[in-house]
Amino acid sequence: MPSAPLPALRTGASRPPTARRPAHLVGDTPILWVDEPFAPPGRGFHAKLEGANPGGLKDRPALHMVREARRRGDLAPGAPLVESSSGTLGLGLALAGLTYGHPVTVVSDPGMEPPVARLLTALGARVVQVAEPHPEGGWQEARRRRVAELLARTPGAYCPDQYRNPDNAAAYRPLAAELIAQLGGVDVLVAAVGTGGHFAGVSAGLREVFPRLRLIGVDAVGSAIFGQPAGPRLMRGLGSSIHPENVDYAAFTEVHWVSPAEAVWACRRLARRHYASGGWSVGAVALVAGWAARTYPAGTRIAAVFPDGPHRYLQTVYDDAWCREHGLLGRTPRPEPDDIAAPDARVVTRWTRCARVRDPLARGLAKAGAR
């Protein structure tokens, strides 16, 4: 297996006509202008199509985290990689394992779409599924505990730990540079929040050049990241039952929560009107970015990160029978989100925004200290 370091990502103008390895296909993703039905004619947003990467957005951190772990000596040549993933990072790690010569084990749960599990296996990864959610941390905590078990009994194995690894966020600096080169400038960034890595990395890179940049985070109903109580979530790829350390709470201008039915509506409208669509994160981000395009002054440059494409969601988001079974069809979102004054003001069940963002764990620690 090849193990030489990959060159830095380059802009499209300097990319060689033939990629020598699949990892060289990562980066320099295109941008698509999205307007109706999300914004009126003449207004819209710039969608960064990360689904153009071989496996999606998380090809970037998977390659970078593995490369940096090898450079530091934390990951020995040929040592196993073990990580928790609902799918997209798993695909990225399969690419990283192929690139650098590491066997990959992806720990997931029954919510992983069968096509993704089959694809991971085809790409050479081993897929391990946990059977029961953790009583407090849900499926994510159950997966993390299984990862710890596998690491304990596999000498030399390494976990990139996407939830806490600063290399996760650092991997997205090239994405910020690409946006600057492609758009000339960005006034508003709209992106989903899961591990917190891509939002933290892209926003940090952009704010160095555009310090007045406004940042809109997109979360899922039932996610605990911003202070809502953790609950059952159909949506994969955004939201979390735990509080990832890579989330940069201080960076956000506001946060929006989106429900599954609203994301499905947006995914299907994207597909019908713009051909380019994706999964839960793409639908949720498009809904919120369209709102930003309608709300901010004309001429505001709004960039939205679309993490993946539609293919892994053909049995969920784009399956009428599945969506009907879960009550997700025929529910057009309201044109404006509900507003709450604080992230924990009440439990949200549909599209809702809050302009006050804070770290819910820091607030808890402050209360504990006061006592």
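These notebook entries record what I looked up in one predicted protein model.

**Basis.** I worked from a predicted model, in which local features need pLDDT of at least 70, side-chain atom pairs count only at pLDDT 80 or more, and totals for chains, interfaces and linings use all residues. Residues are numbered from 1 along each chain as its sequence is written, and side-chain values use heavy atoms, with hydrogens and water left out.

**Whole chain.** I noted 11 helices and 11 strands in the protein chain; these are DSSP runs numbered from the N terminus, helices being H or I of at least four residues and strands E of at least two. I compared the radius of gyration, 20 Å, with the value near 21 Å for a compact globule of 371 residues, and the two agree. That radius is taken over C-alpha atoms, and the globule rule is 2.2 Å times the number of residues to the power 0.38. I recorded that 56% of the 371 residues count as buried (under 20% relative accessible area; exposed is over 50% and partly exposed in between, with a 1.4 Å probe and protein chains only).

**Asparagine 53.** I located asparagine 53 in the loop between strand E2 (45-49) and helix H1 (59-72). Its relative accessible area is 2%, so I entered asparagine 53 as buried. Its side chain makes a polar contact of 2.9 Å with that of glutamate 50. Such a contact is a pair of N or O atoms within 3.5 Å; within protein, one must be able to donate a hydrogen and the other to accept it, and residues adjacent in sequence count only if both atoms are side-chain atoms. Leaving aside neighbours within four places in sequence, I found asparagine 53 in contact (heavy atoms within 4.5 Å) with residues including Leu25, Thr29 and Arg60.

**Alanine 263.** I found alanine 263 in helix H8 (residues 260-274), buried at 0% relative accessible area. Not counting residues up to four places away in sequence, alanine 263 touches Met235, Val258, Trp280, Gly283 and Ala284. I also noted 8.4 Å between the C-alpha atoms of alanine 263 and alanine 286, which are 23 residues apart along the chain.

**Backbone.** Most residues other than glycine have a negative phi, and most peptide bonds are trans. I looked up aspartate 28, whose phi is near 55°; aspartate 28 is buried at 18% relative accessible area. Tyrosine 275 also has a positive phi, about 70°, but counts as exposed at 75% relative accessibility. I recorded a cis peptide bond between glutamate 36 and proline 37, with omega about 5°.
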